[in-house]
Amino acid sequence: MIKCILVDDEPLALVQLQKYVERVPFLECVRACNCATEAIGALSATEVDVMFVDINMPDINGLQLVGSLAKPPMVVFTTAYSEYAIEGFRLDAVDYLLKPFSFESFMKAVNKVHELHSLRSKARQGYTEEGALQDNCLFVKSDYRILRIPIDDIRYIESMSEYVRIYVDGYTKPIISLISMKKIEEFLPSSSFMRVHRSYMVNLKKIVEVSKMRIVYNGDVFVPIGDMYKDKFFEYIDSRFVGKNS
């Protein structure tokens, strides 16, 4: 069962959303809130999987609400104004529903939520209580498939806004998945993976050469090392450097 919370300051819209949720067997509404303040209280008291939240609300709007949460659940934004779509997806929203929306449109968003929830559940099954990957793999959705990727085979990951490109040994092309760099970073062991640039994370075990603030792969593929990340990266290199001047 996927637990959800509904947030909308319009009573009729909130009732309609509740009716839609009641028609979905795997959705359970744990709270319907008519303002962001009420939603914050509900989220602090109850753990939910997804929130359906209106953007245009008084005092605290939906974007501000989601942005204020340290660990937000999955989010589906609902609003009558299409200009908020881009900003909504920047907050890693699963989907964006433009009012008035039909039950069919609602179900398209819900199916995305269901797929992502299943994907995360499968990935969590590979974790021990200490947080390490038990079978040393992760699952990602690419196109219409869910792929199992051995993490030791990942060379590096490139961020593309809401998507990532995962470069894996044995694949001629990168695996492209609709997930943020922040989210995938949560599933990777920090002992092996490091963010070296705003748009890049590398498998430290796959590094062969570092030259001129770049990590070199196969002689002609370069990953830049960003100024914000260089100190931590070169501390790692220095800790393993042989032949330093005494």
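The following exercises, each with a worked solution, concern a predicted model.

**Exercise 1. The salt bridges of lysine 99**

Task: Determine which parts of the chain are tied together by the salt bridge between aspartate 8 and lysine 99, and state whether each of the two residues is buried or exposed.

Solution.

Step 1. Begin with the whole structure, in which a search finds 10 salt bridges. One of them joins the side chains of aspartate 8 and lysine 99, with an N to O distance of 2.7 Å. This value satisfies the cut-off of 4 Å for a salt bridge.

Step 2. Locate the partners. Aspartate 8 belongs to the loop between strand 1 (2–7) and helix 1 (11–22), and lysine 99 to the loop between strand 5 (95–98) and helix 5 (103–124); the pair therefore ties together parts that are 91 residues apart in sequence.

Step 3. Assign burial, for which the limit is under 20% relative accessible area. Aspartate 8 has a relative accessible area of 2% and is therefore buried. Lysine 99, at 17% relative accessibility, also counts as buried.

Step 4. Consider a further partner of lysine 99. Aspartate 54 forms a salt bridge with lysine 99, and the closest N and O atoms are 3.4 Å apart. This pair links distant parts of the chain, since aspartate 54 lies in strand 3 (residues 50–54) and lysine 99 in the loop between strand 5 and helix 5, 45 residues apart. Aspartate 54 counts as buried at 2% relative accessibility.

**Exercise 2. Strands 8 and 9 and the loop after strand 9**

Task: State which contacts involve arginine 155 and tyrosine 156, and where their partners lie.

Solution.

Step 1. Examine the charged pair. The side chains of aspartate 169 and arginine 155 meet in a salt bridge of 3.1 Å, N to O. Aspartate 169 is in the loop between strand 9 (163–168) and strand 10 (175–177), while arginine 155 is in strand 8 (residues 154–160); the two are 14 residues apart.

Step 2. Compare their exposure. Aspartate 169 is partly exposed, with a relative accessible area of 30%, whereas arginine 155 counts as buried at 16% relative accessibility.

Step 3. Turn to the aromatic pair. The structure holds 9 aromatic pairs. In the pair of tyrosine 156 and tyrosine 167, the ring centres are 4.3 Å apart and the planes stand at 20 degrees, so the pair is stacked. Tyrosine 156 lies in strand 8 and tyrosine 167 in strand 9, so this contact ties together parts that are 11 residues apart in sequence.

Step 4. Assign burial to the two rings' residues. Tyrosine 156 is buried, with a relative accessible area of 5%, and tyrosine 167 is buried at 16%.

Step 5. Return to the loop between strand 9 and strand 10, which also contains glycine 170. Glycine 170 is exposed, with a relative accessible area of 82%. Its C-alpha lies 8.0 Å from that of aspartate 153, although the two residues are 17 residues apart in sequence.

**Exercise 3. The sheet of strands 13, 14 and 15**

Task: Establish in what order the strands of this open sheet are arranged, and why strands 13 and 15 each have one side without a neighbour.

Solution.

Step 1. The order is 13-14-15, and the pairing is antiparallel. Strand 13 (209–210) and strand 15 (221–224) stand at the edges with a single partner strand each, so one side of each lacks a neighbour in the sheet.

Step 2. Follow the pairing of strand 13 with strand 14 (residues 214–217), which rests on 2 bridges. Glutamate 209 has valine 216 in strand 14 as its bridge partner. The hairpin of these strands has 3 residues between them, and there lysine 212 takes a positive phi near 55 degrees.

Step 3. Follow the pairing of strand 14 with strand 15, which is antiparallel over 4 bridges. Here tyrosine 217 stands opposite valine 221 in strand 15.

**Exercise 4. The second largest pocket**

Task: State what volume the second largest pocket has and which strand gives the most to its lining.

Solution.

Step 1. The volume is about 170 Å³.

Step 2. Residues lining this pocket include Glu185, Leu188, Phe193, Met194, Arg195, Tyr229 and Lys232. Strand 11 (residues 193–197) gives the most, with 3 residues.

Step 3. Sorted by class, the lining comprises 7 nonpolar, 1 polar and 3 charged residues.

Conventions: Residues numbered from 1 in each chain as written. Predicted model: local features only at pLDDT ≥ 70, side-chain atom pairs only at ≥ 80, totals over all residues. Heavy atoms only, no water. 1 Å grid on protein atoms, 1.4 Å probe; cavity = no way out; pocket = protein on both sides within 12 Å on 5 of 7 lines; lining within 4 Å. Points joined across faces, edges and corners; volume = space filled by probe spheres on them. Nonpolar A, V, L, I, M, F, W, Y, C, P; charged D, E, K, R; others polar. Pairing = 2+ DSSP bridges. Buried < 20%, exposed > 50% of the residue type's maximum accessible area, 1.4 Å probe, protein only. Phe/Tyr/Trp six-rings, centres within 6.5 Å; stacked < 30°, edge-to-face > 60°.
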